[in-house]
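This report covers charged side chains, their pairings and their exposure, followed by one buried position. The sequence and the structure are shown first.

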Amino acid sequence: MTKSELVADLTGKLPHLTTRDVDFAVNLMLDAIAEALTRGDRVEIRGFGSFSLNYRPARQGRNPKTGEQVEVPAKHVPHFKAGKELRERVQEAAEAAARDQRLRQAA
């Protein structure tokens, strides 16, 4: 799902809000998460998951085209860990889809 698809989906579920208002709210939320991560904070949304930073130390890498060794600098990268409720919902949906597919194949 893209951001524009998310805005369209939310606009459909919240008909009293305009697309512009929903787009503003989505951008505001994403900006707040990004700002917290740039400060080094952790963002936790209960039932959904948490965003944090992982440190990756410097390492030797290889240019895949030439095979030449290159120095990859150290960096902090955003990391998302799904919450228990989200993991369970995804697992239930995957199991239901697999069950439906088995039933269709058996028929």
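## Charges at the surface and a buried serine

In this predicted model, Glu85 belongs to helix H3, which spans residues 84-106. Its relative accessible area is 45%, so Glu85 is classed as partly exposed. Glu85 is also one member of a surface patch of negative charge, together with Glu88, Glu92 and Glu95. Membership of such a patch requires over 30% relative accessible area and no salt bridge; the 45% of Glu85 satisfies the area condition.

Other charged side chains are paired. The whole structure contains four salt bridges. Three of these pairs are set out below, each with the N to O distance and the relative accessible area of both partners.

| Pair | N to O distance | Relative accessible area |
|---|---|---|
| Lys13 and Asp9 | 3.5 Å | Lys13 57%, Asp9 32% |
| Arg39 and Asp41 | 3.1 Å | Arg39 57%, Asp41 34% |
| Glu44 and Arg46 | 3.1 Å | Glu44 41%, Arg46 72% |

Lys13 and Asp9 are both located in helix H1, residues 3-13. Four residues separate them along the sequence, which is about one turn of the helix. Lys13 is exposed, because its relative accessible area of 57% lies over the 50% limit. Asp9, at 32%, is partly exposed.

For the pair of Arg39 and Asp41, the closest N and O atoms are 3.1 Å apart. Arg39 counts as exposed at 57% relative accessibility, whereas Asp41 is partly exposed at 34%.

Glu44 and Arg46 also form a salt bridge. Which residues are linked with them in a network of salt bridges? The network consists of Arg42, Glu44 and Arg46. Within it, Glu44 is partly exposed, with 41% relative accessibility, and Arg46 is exposed, with 72%.

Arg42 also leads to the buried position. Ser52 sits in strand S2, residues 49-56. Is Ser52 buried or exposed? Its relative accessibility is 18%, and because buried means under 20%, Ser52 counts as buried. Leaving aside residues up to four places away in sequence, Ser52 is in contact with Leu37, Arg42, Val77, Pro78 and His79. Arg42 is thus named twice: as a contact of Ser52 and as a member of the salt-bridge network with Glu44 and Arg46.

Note on methods
Residues are numbered from 1 along each chain as its sequence is written. This is a predicted model: local features need pLDDT of at least 70, side-chain atom pairs count only at pLDDT 80 or more; totals for chains, interfaces and linings use all residues. Side-chain values use heavy atoms; hydrogens and water are left out. Patches are made of residues with over 30% relative accessible area and no salt bridge: like charges are joined within 9 Å, nonpolar side chains (Val, Leu, Ile, Met, Phe, Trp, Tyr) within 5 Å. Accessible areas come from the Shrake-Rupley method with a 1.4 Å probe; for residues, only the protein chains shown count as cover. Lys and Arg count as positive and Asp and Glu as negative; His and the chain ends are not counted. The place of a charge is taken as NZ of Lys, CZ of Arg, CG of Asp or CD of Glu. Helices (H or I, at least four residues) and strands (E, at least two) are DSSP runs, numbered from the N terminus. Buried means under 20% relative accessible area, exposed over 50%, partly exposed in between (1.4 Å probe, protein chains only). Contact means heavy atoms within 4.5 Å.
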